[in-house]
Structure formats: structure tokens, C-alpha cells
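Thank you for making room on the agenda. Please have a look at the model on the screen, and then I will take you through it.

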Amino acid sequence: EGRGVYNNIRKFATYILNSNVPEAVPFIVFLFAKGQIPLPLTVMQILAVDLGTDMIPAIALGVELPEEGVMQRPPRSQQEHLLNRSLLIRAFLFYGIMESAIAMSAFFFLYWQNGWPGIPMADSGEIYRMATTMTLGAIVVTQIGIVFNCRTERASVFKVGLFSNHMILIGIICELTVFSILIYTPFLHEIFNTAPIGLIEWAYLFMWVPVVILIDERRKAFLRNWDKRRLDKKHNTTEIEKGDS
């Protein structure tokens with residue numbers, strides 16, 4: 001139980017931290033583009049993610065059951081930090097970069113639908129608000145895939161049951177509801193720089209959810225194989241030592 005609680009805190013931290021990267025990348029792209037690319041994400045949209053859509057799914061990770069094999073791992077060092085190197089690499093360099101690429105692709109996809117690169121990118125008006133909405137939507141929807149990924153560190157999420165944590169499902173419904181309110185409530189459009197999007201845009205966003213899950217499944221499979229080889233090597237070494245004695 002102790003290891004399960006500790007791991008759930010790490011899962012919460014991983015999920016919360018990774019969205020900082022796709023929130024920062026649009027500003028970096030805007031600065032380096034020197035005005036050629038409009039700002040893909042606004043400050044109010046960042047607040048909508050941090051204070052609105054991310055909260056309940058993150059909290060739901062705290063009730064995740066301990067995953068299988070947690071007691072087969074060696075004890076962690078008492079000097080190890082909660083936010084250790086592996087967690088930060090996973091949050092920022094793996095999930096963060098993947099989510100940033102998807103968010104920026106959604107931004108450019110909306111402009112491509114409306115004639116870019118044949119015509120310049122609009123930096124105001126309905127098209128621009130739809131483009132920033134797509135960036136925001138990509139972050140929200142990609143976080144759905146990542147919250148499933150964060151449920152386990154090594155075990156396949158399909159093995160523990162994709163929908164076995166009902167709090168995760170409630171969190172996903174809540175974040176999609178908040179996002180829908182932001183884009184389909186007219187008086188919020190000016191505040192959050194959002195606009196309604198259509199079925200094609202929704203389909204583009206949701207097609208990334210299984211992609212994100214399957215990419216991480218490959219990473220977890222690699223880690224499981226690595227652990228198995230390490231345990232087999234340790235077992236063989238022990239058997240050899242027993243034979244020598």
C-alpha cells in the first residue's frame with residue numbers, strides 16, 4: 001500500500017507536469033517565427049487547462065490501485081527525490097514533446113483547411129480563434145491519452161483494464177465538458193479566444209488518443225522486457241554462486 005500511494009503521487013506529478021511543455025512551446029514558436037506565425041495559445045487558455053480541464057483526471061490518479069509486480073522491484077533509496085530524473089524525463093521530454101507536436105499540428109491543420117500556406121495565417125478573427133481552439137483542444141484531448149498512460153508505470157493499461165478506474169472516466173467527461181463550454185458558449189469566446197469547431201476538427205483531435213496510448217505501450221513493453229532480463233541475470237548469478245559454494 002505504501003508503494004502504491006507513493007507511485008500514485010508520482011503519477012499525479014507526471015500528469016500535471018507534462019502539460020507545461022505544450023503550454024510553453026506555442027510561445028517559443030511565436031517568438032522564433034518573428035510574427036510570421038500567430039500566437040497559437042493564449043494565457044487564458046493556459047489557465048483553462050491548469051485550473052479547469054486537468055484537475056479532476058489528475059486527482060483520479062490518486063485512487064489508482066497498486067499495479068502488479070510493485071513488490072518485485074527493489075526498494076527505492078531513501079535519498080531519492082520524489083521528482084527524480086526518470087519522472088522529469090518522462091513528463092517533459094517524452095509526454096511533453098509528444099503533446100507539443102500534436103498541439104502544434106492541430107494549430108497548423110486548421111490553417112491548412114483554410115488555405116494555408118497559399119494564403120498567410122490570420123492573426124485575428126474567427127479563423128484565428130478556431131486555430132487557437134484547436135491548439136487548446138489538442139492539449140485537452142491528448143491529456144486523455146496521457147492520463148490512461150499515467151495509470152501504470154510498466155504494466156499495460158489494457159491489462160489493468162482501460163476503464164477500471166471510474167474516477168478517470170468522470171475526469172475525462174468533466175474536462176471535455178469544460179472544453180465544450182469554452183468553445184460553444186458565445187460570451188466566453190472573447191474571454192478565452194475560442195470559437196466553435198466542426199466534426200472534422202473533432203475527428204482530427206480524437207484520432208491522437210489511441211496513438212498516444214499505443215506509443216506509450218511500446219515504451220512500457222520495453223521496460224518490462226528490461227526488468228525481466230535484469231531479474232533473469234540476477235537469478236542466474238545467484239544460482240552460479242550457490243553452485244560454487
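I will go from the overall fold to the pockets, and then to the aromatic residues and one threonine.

What you see is a predicted model, and I would ask you to keep that in mind throughout. The chain contains eleven helices and zero strands, so that the pattern along the sequence reads α-α-α-α-α-α-α-α-α-α-α. Taken along the principal axes, the box filled by the C-alpha atoms is roughly 80 × 35 × 35 Å. The chain has 245 residues, and 46% of them count as buried. If we consider contacts between residues at least 6 apart in sequence, 80% of these join residues that are at least 24 apart.

Let me turn to the pockets. The largest pocket holds about 680 Å³ of space. Its lining is made up of 22 residues, and those closest to the centre are R10, R73, E80, E153 and R154. Which elements give two or more residues to that lining? They are α1, running from 2 to 18, α5, from 85 to 113, and α11, from 208 to 244. Of the elements in question, α1 provides the largest share, with six residues. Sorted by class, the lining of this largest pocket comprises twelve charged residues, six nonpolar and four polar ones.

The second largest pocket has about 420 Å³ of space. Here 16 residues form the lining, with E68, G69, Q72, R154 and R224 closest to the centre. You will have noticed R154 before, since R154 is also listed among the residues closest to the centre of the largest pocket. At least two lining residues of the second largest pocket come from each of α7, which spans 157 to 160, and α11. The largest share in this case is that of α11, which supplies six residues. By class, nine residues of this lining are charged, four are polar and three are nonpolar.

Now to the aromatic residues, of which the structure holds eleven pairs. One of them is formed by F94 and Y95, whose ring centres lie 5.4 Å apart; because the planes meet at 50°, the pair counts as tilted. Are these two neighbours buried or exposed? F94 has a relative accessible area of 24% and is therefore partly exposed, whereas Y95, at 0% relative accessibility, counts as buried. Elsewhere, F107, F108, Y111 and W116 are linked by ring pairs into a cluster. There is also a charge over a ring to point out, in that R76 lies over the face of Y6, 3.8 Å from the ring centre.

Finally, I would like to look at T14, a residue in helix α1. With a relative accessibility of 3%, T14 counts as buried, because the cut-off for that class is under 20%. What does T14 touch, once its neighbours within four places in sequence are left aside? The residues in contact with T14 are L87, R90, A91, Y95 and C150. Y95 thus brings us back to the tilted pair with F94, and α1, where T14 has its place, brings us back to the lining of the largest pocket, to which α1 gives six residues.

That is the tour I had planned, and I am glad to go back to any part of it on the screen.

Definitions and conventions: Residues are numbered from 1 along each chain as its sequence is written. This is a predicted model: local features need pLDDT of at least 70, side-chain atom pairs count only at pLDDT 80 or more; totals for chains, interfaces and linings use all residues. Side-chain values use heavy atoms; hydrogens and water are left out. On a 1 Å grid over the protein atoms alone, a cavity is a set of points where a 1.4 Å probe fits but cannot get out, and a pocket is an open set with protein on both sides within 12 Å along at least five of seven lines; lining residues have an atom within 4 Å of a point. Grid points are joined across faces, edges and corners, and a volume is the space filled by probe spheres set on the points. Helices (H or I, at least four residues) and strands (E, at least two) are DSSP runs, numbered from the N terminus. Ala, Val, Leu, Ile, Met, Phe, Trp, Tyr, Cys and Pro count as nonpolar, Asp, Glu, Lys and Arg as charged, and the others, Gly among them, as polar. Rings of Phe, Tyr and Trp (its six-membered ring) pair if their centres lie within 6.5 Å; planes under 30 degrees apart count as stacked, over 60 as edge-to-face and the rest as tilted. Buried means under 20% relative accessible area, exposed over 50%, partly exposed in between (1.4 Å probe, protein chains only). A charge sits over a ring if NZ of Lys or CZ of Arg is within 6 Å of the ring centre and within 35 degrees of the ring normal. Contact means heavy atoms within 4.5 Å.
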